[in-house]
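Colleague: Before I plan my reading of this model, I should be grateful for a close look at a single part of it and at its surroundings. Please set out what is there in one connected account, with the confidence that the predictor attaches to it.

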Amino acid sequence: MRKVVKMAVETGVVTRPYPFVAPEVPPGFRGRPKIDFNLCIGCGACASVCPPNAITVEEKDGFRRISLFTGRCIFCARCGEVCPEKAIKITEDFELSSDEKIDLYQILELKMVRCEICGRFFATERELKKVKEEIEKKGMEVEKLNLCPECREKVSAGLESLARR
Amino acid sequence: MDKRSIWVFHLNTGSCNGCDIEILDVLTPFHDVERLGVKLVGSPRHADVILVTGPVTVKAAEAVRRAYEAVPHPKVVVAIGSCACSGGIFYDSYSTRGGVENIIPVDLYVPGCPPRPEAIIHAISLLKGIAEKKIKGEVYREG
């Protein structure tokens with residue numbers, strides 16, 4: 001008994017006064033992934049690596065909708081690792097409690113462009129701009145980039161009449 | 001519920017035990033949530049709050065509904081962890097029914113895989129009104 005009391009007195013108070021002081025976050029902690037709406041080009045790389053499909057990509061009415069649902073996220077941080085534009089930042093936020101489900105969503109809708117021949121929506125404006133910049137840097141032609149992959153294939157093969165039909 | 005103690009009942013509906021261990025951690029002297037008046041009770045009949053962890057498996061669904069009915073009014077359901085919030089990584093599994101909200105109404109979502117003990121304490125503080133909600137839904141449409 002005396003031994004236990006002595007140990008307790010020597011150790012002192014170990015309890016963290018958490019809700020009344022700021023929390024301590026260890027270095028390298030993976031918190032909520034945050035999409036930078038100004039940097040994202042909507043390529044969907046994050047959605048394809050997301051293990052629980054917390055990030056989804058849908059196309060509707062000429063907009064590509066990227067939606068990150070924190071309520072399903074497993075905080076693996078693969079989205080931040082794979083993002084070519086570094087648009088997804090792994091923050092240190094972990095106080096994510098909410099009484100409404102809508103608070104757990106981050107939704108981004110990006111404008112898409114139509115194919116010049118068939119008129120189908122095939123890429124986001126930002127995505128196309130980025131690819132054009134990259135290709136111009138390499139000194140390659142950028143004319144066919146306004147076509148969807150199928151039409152581009154036909155035009156490259158010299159079958160433009162087939163594509164226009 | 002501001003000044004009074006919250007008695008919680010911990011309900012595991014098919015969790016991997018990650019969130020359960022975090023709940024135990026919250027009750028240890030290191031985090032000591034009992035200083036906020038939280039007490040873990042053994043029966044839903046004594047509880048004010050149910051802490052649900054894990055996706056609801058098909059077998060557990062009926063038990064969840066019965067446990068919810070056994071809690072006296074007013075009752076609060078807290079979904080702890082991503083699985084309880086939405087089904088998590090098991091969301092399209094044949095043997096689960098997704099999140100707890102598909103079975104019983106949920107009042108507070110605590111995402112995390114597992115949520116840190118501090119995140120659970122933050123949720124309890126939200127219930128008691130001593131902390132504020134820190135996240136907000138964000139929607140951005142180009143053009």
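Modeller: In this predicted model, chain A is divided into domain 1, covering residues 29–113, and domain 2, covering residues 115–165. The C-alpha centres of domain 1 and domain 2 of chain A are 28 Å apart. Contact between them involves 10 residues of domain 1 of chain A and 8 residues of domain 2 of chain A. On the domain 1 side, the largest share of the touching residues, 4 of them, belongs to E5(A). By character, the residues on that side of domain 1 of chain A are 5 nonpolar, 2 polar and 3 charged. E5(A) is therefore the part I shall follow, given that it supplies the largest share of that side.

The chain around this strand should be described next. Chain A contains 6 helices and 6 strands, and from the N terminus on its elements follow the order α-β-α-β-β-α-β-β-β-α-α-α. Its radius of gyration is 25 Å, whereas the globule rule gives 15 Å for 165 residues; chain A is therefore more spread out than a compact globule. The C-alpha trace of chain A spans about 95 × 35 × 25 Å along its principal axes. Of its 165 residues, 28% count as buried. Among contacts in chain A with a separation of 6 or more, 66% are between residues 24 or more positions apart.

Which strands of chain A pair with E5(A)? Strand E3 (residues 63–69) of chain A runs antiparallel to E5(A), and 7 bridges join the two. Within this pairing, Leu110(A) of E5(A) stands opposite Arg64(A). Strand E6 (residues 121–124) of chain A also runs antiparallel to E5(A), through 3 bridges. Here Met112(A) has Thr124(A) in E6(A) as its bridge partner. E5(A) and E6(A) form a hairpin with 6 residues between them, and in its turn Gly119(A) has a positive phi of about 80°. In a regular strand, the side chains alternate between the two faces of the sheet.

The pairing of E5(A) also reaches across to the other chain. In chain B, strand E6 (residues 138–141) runs parallel to E5(A), and 4 bridges join them. Ile107(A) stands opposite Val139(B) in E6(B), and Leu108(A) has Tyr140(B) as its bridge partner there.

These bridges belong with a wider contact between the chains, which takes 34 residues from chain A and 38 residues from chain B. On the chain A side, strand E5 (residues 105–114) gives the most, with 7 residues. The residues of chain A on that side comprise 19 nonpolar, 6 polar and 9 charged. E5(A) thus gives the most both to the side of domain 1 of chain A that touches domain 2 and to the side of chain A that touches chain B.

How far does the predictor trust this chain? The mean pLDDT of chain A is 88, and 98% of its residues reach 70 or more. Confidence in chain A is highest in E3(A), the antiparallel partner of E5(A), at 93. In helix H6 (residues 160–164) of chain A, confidence is lowest, at a mean of 70.

Some backbone details elsewhere deserve a note. Lys86(A), although not a glycine, has a positive phi of about 55°. This residue lies in the loop between helix H3 (78–82) and strand E4 (88–90) of chain A. Lys86(A) is exposed, because 9 other C-beta atoms lie within 10 Å. In chain B, Asp32(B) likewise has a positive phi, near 45°, in a residue other than glycine. Asp32(B) is placed in the loop between helix H1 (18–27) and strand E2 (39–41) of chain B, and it counts as partly exposed, with 18 other C-beta atoms within 10 Å.

Chain B also has cis peptide bonds before proline. One joins His73(B) and Pro74(B), with omega about -10°; Pro74(B) is in the loop between helix H2 (61–70) and E4 of chain B. Another joins Cys113(B) and Pro114(B), also with omega about -10°; Pro114(B) is in the loop between strand E5 (108–110) and helix H4 (117–128) of chain B.

Methods:
Residues are numbered from 1 along each chain as its sequence is written. Chains are lettered from A and ligands numbered from 1 in the order in which they are written. Two residues are in contact if their C-beta atoms, placed from the backbone, lie within 7 Å. Ala, Val, Leu, Ile, Met, Phe, Trp, Tyr, Cys and Pro count as nonpolar, Asp, Glu, Lys and Arg as charged, and the others, Gly among them, as polar. Two strands pair if DSSP finds at least two bridges between them. The radius of gyration is taken over C-alpha atoms; the globule rule is 2.2 Å times the number of residues to the power 0.38. A residue is buried if 20 or more other C-beta atoms lie within 10 Å of its own, exposed if 12 or fewer, and partly exposed in between; C-beta atoms are placed from the backbone. pLDDT is the predictor's confidence in each residue, from 0 to 100. Domain bounds come from an automatic or database domain assignment.
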